[in-house]
Amino acid sequence: MNIELALRMCEASVRQAGREGALVSVAVVDAGGHLVAFQRMDGAEIAGVTLAPGKAYTAVAHRMTTADLARLVRPGGELYGLPGDRYVCFGGGVPLRHPGEERRVAGAVGVSGGTVAQDVACAEAAAALWEGTPLFRKRDV
């Protein structure tokens with residue numbers, strides 16, 4: 001993960017938000033959950049400043065999308081009671097995996113401000129850019 005790629009991922013997410021008709025905040029974090037890049041669209045809700053980085057952190061910490069994690073933390077779920085101060089357990093966080101290494105993550109993207117479906121679509125747009133990087137393709141071959 002580097003700043004140039006992280007900023008491009010933010011831009012991809014913001015472009016998708018424009019197509020979705022959403023105003024979002026987007027955060028990209030490294031493998032340790034540390035913020036690398038952040039963008040907030042004009043007019044985006046103030047909660048996104050906290051929720052977008054939280055979704056990215058949660059996706060790195062659990063190596064899964066926050067949409068998948070949401071199902072596990074519901075009452076009766078395997079991880080019921082998990083949410084704490086830094087965890088955000090609803091859709092919009094997507095881990096960025098190392099090529100060919102299912103369990104190892106290089107970072108994550110988190111998006112907040114739209115509906116859950118819009119946040120997921122915007123995060124997936126950023127993740128698609130990650131998967132299309134030359135580093136990813138070279139290692140994946």
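What follows is a conversation about how the descriptions of this predicted model are reached.

Mentor: This is a predicted model, in which local features need pLDDT of at least 70 and side-chain atom pairs count only at pLDDT 80 or more, while totals for chains, interfaces and linings use all residues. Residues are numbered from 1 along each chain as its sequence is written, and side-chain values use heavy atoms, with hydrogens and water left out.

Trainee: How many helices and strands does the chain have, and what makes a stretch count as one?

Mentor: Helices are DSSP runs of H or I with at least four residues, and strands are runs of E with at least two, numbered from the N terminus; by that rule the chain has five helices and four strands, which from the N terminus run α-β-β-α-α-β-β-α-α.

Trainee: How do you know that the radius of gyration agrees with a compact globule?

Mentor: The radius is taken over C-alpha atoms, and the globule rule is 2.2 Å times the number of residues to the power 0.38; for 141 residues a compact globule would come near 14 Å, and the chain has 14 Å, so the two agree.

Trainee: How do you know that the length of helix α4 agrees with its expected span?

Mentor: The expected span is 1.5 Å times one less than the number of residues, so the 16 residues of α4 (residues 116-131) should span 22 Å, and its end C-alpha atoms are indeed 22 Å apart.

Trainee: Why are some residues of α4 called buried, and which are they?

Mentor: Buried means under 20% relative accessible area, with a 1.4 Å probe and protein chains only; in α4 the residues that meet this include Q118, D119, C122 and W130, and of the 141 residues of the chain 43% count as buried.

Definitions and conventions: Buried means under 20% relative accessible area, exposed over 50%, partly exposed in between (1.4 Å probe, protein chains only).
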